[in-house]
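User: I would like to learn how to read a few features of a protein model with you, going from strands to charged pairs. Could we take them in turn, with the general idea ahead of each case?

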Amino acid sequence: MKRIIGFLPVCMILTMVLASCKDTETYADLKENERNAVRKFVAEEGIQVISVEEFLKDTITNNPVTGPDFSRNEYVLFEDQGVYMQIIRRGQGSVLEPSSSKNYNVRYFEYDILHSDTLTHNRYQTAPDVFTCSRSSDLYTSSFVSGIMFSSYGSSVPKGWMTAMPYITPGFLNGEPSAKVRLIVPHTCGTQKSLTDVYPCLYELTITHQKWQ
């Protein structure tokens, strides 16, 4: 009887260890969950994915807001980054020149696609978020100066945001912010939190450069 009693705890420990191993997701599992979440989101939102080659013919992503084909909801997929981009309004200014930098105001919201949850936004804040963007040749780097993103995640701007910068001209039109984009950003191009927890986000960004620049 003593041998049986001694054996039972060992069986229980092994069962717990095996169950724990089964419940622990690997990084590969987390990435697959992320890919599946993005695929599901793309399908549910009726997004038509176009290639970079197709996009570069006219750098237009047709969408239900500004068209020109209002029946389509196109995002271009940059496969090297895994970022999807939709340009709603290109803007009325000019692209950031090489070897220059500017401060930009941004109104945004951040939506966690994997968990179907809005994380942060500044829609009702008096002031927009502010970030500085610099361009060296075709390399864009950026950091937050102030705002909700700065308070939530620090100064590092999600790398995925920079995907849009070569294609938008965030000036002013009648005093209104003029460039607006939507981005689906994987964890590898997102915030430090999304990088750690492995989840993709949808961002909607309305960007202008500051008036005094």
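**Reading strands and charged pairs**

Analyst: In strand β11, the side chains of C201, Y203, L205, I207 and H209 point one way, those of L202, E204, T206 and T208 point the other way, and all of these residues are buried. Please keep in mind throughout that this is a predicted model.

User: What is the general idea behind residues that point one way and the other way from a strand?

Analyst: In a regular strand, side chains alternate between the two faces of the sheet. Strand β11 spans residues 201-209, and 9 of its 9 residues are buried, so that the strand is mostly covered, where buried means under 20% relative accessible area.

User: Which strands are joined to β11, and in which direction do they run?

Analyst: Strand β4, residues 100-112, is joined to β11 by 9 bridges, and the two run antiparallel; within this pairing, V106 has I207 of β11 as its bridge partner. Strand β10, residues 179-185, is also antiparallel to β11 and is joined to it by 7 bridges, with V185 standing opposite C201.

User: How many residues of β2 are buried, and how do they point?

Analyst: Strand β2 covers residues 74-78, and 5 of its 5 residues are buried. E74, V76 and F78 point one way from β2, whereas Y75 and L77 point the other way. As for its partners, strand β1, residues 48-50, runs parallel to β2 and is joined to it by 3 bridges, Q48 having E74 as its bridge partner. Strand β3, residues 83-89, runs antiparallel to β2, again with 3 bridges, and here L77 stands opposite Y84.

User: What should I look at in the hairpin of β2 and β3?

Analyst: There are 4 residues between the two strands of that hairpin, and G82 takes a positive phi near 80 degrees.

User: Let us turn to charge. Which side chain meets that of E74 in a salt bridge, and is E74 buried or exposed?

Analyst: Side chains of opposite charge can pair when their charged atoms come close. The side chain of E74 meets that of R72 in a salt bridge, at 2.6 Å from N to O. E74 counts as buried because its relative accessibility is 5%, below the cut-off of 20%, while R72, with a relative accessible area of 29%, is partly exposed.

User: Where do R35 and E32 lie, and what joins their side chains?

Analyst: Both R35 and E32 lie in helix α2, residues 27-44, where they are 3 residues apart, about one turn of the helix. Their side chains meet in a salt bridge at 2.8 Å, N to O. E32 also meets R39 through a side-chain salt bridge, at 3.8 Å from N to O, and E32, R35 and R39 are thus linked in a network of salt bridges.

User: How accessible are the three members of that network, R35, E32 and R39?

Analyst: R35 is partly exposed at 39% relative accessibility, E32 is partly exposed at 32%, and R39 is partly exposed with a relative accessible area of 47%.

User: How many salt bridges, helices and strands are there in the chain, and what share of its residues is buried?

Analyst: The count comes to 8 salt bridges, and the chain has 5 helices and 11 strands. Buried residues make up 40% of its 213 residues. Of the contacts between residues at least 6 apart in sequence, 64% join residues at least 24 apart.

Terms used. Residues are numbered from 1 along each chain as its sequence is written. This is a predicted model: local features need pLDDT of at least 70, side-chain atom pairs count only at pLDDT 80 or more; totals for chains, interfaces and linings use all residues. Side-chain values use heavy atoms; hydrogens and water are left out. Buried means under 20% relative accessible area, exposed over 50%, partly exposed in between (1.4 Å probe, protein chains only). Contact means heavy atoms within 4.5 Å. A salt bridge is a side-chain nitrogen of Lys or Arg within 4 Å of a carboxyl oxygen of Asp or Glu. Two strands pair if DSSP finds at least two bridges between them.
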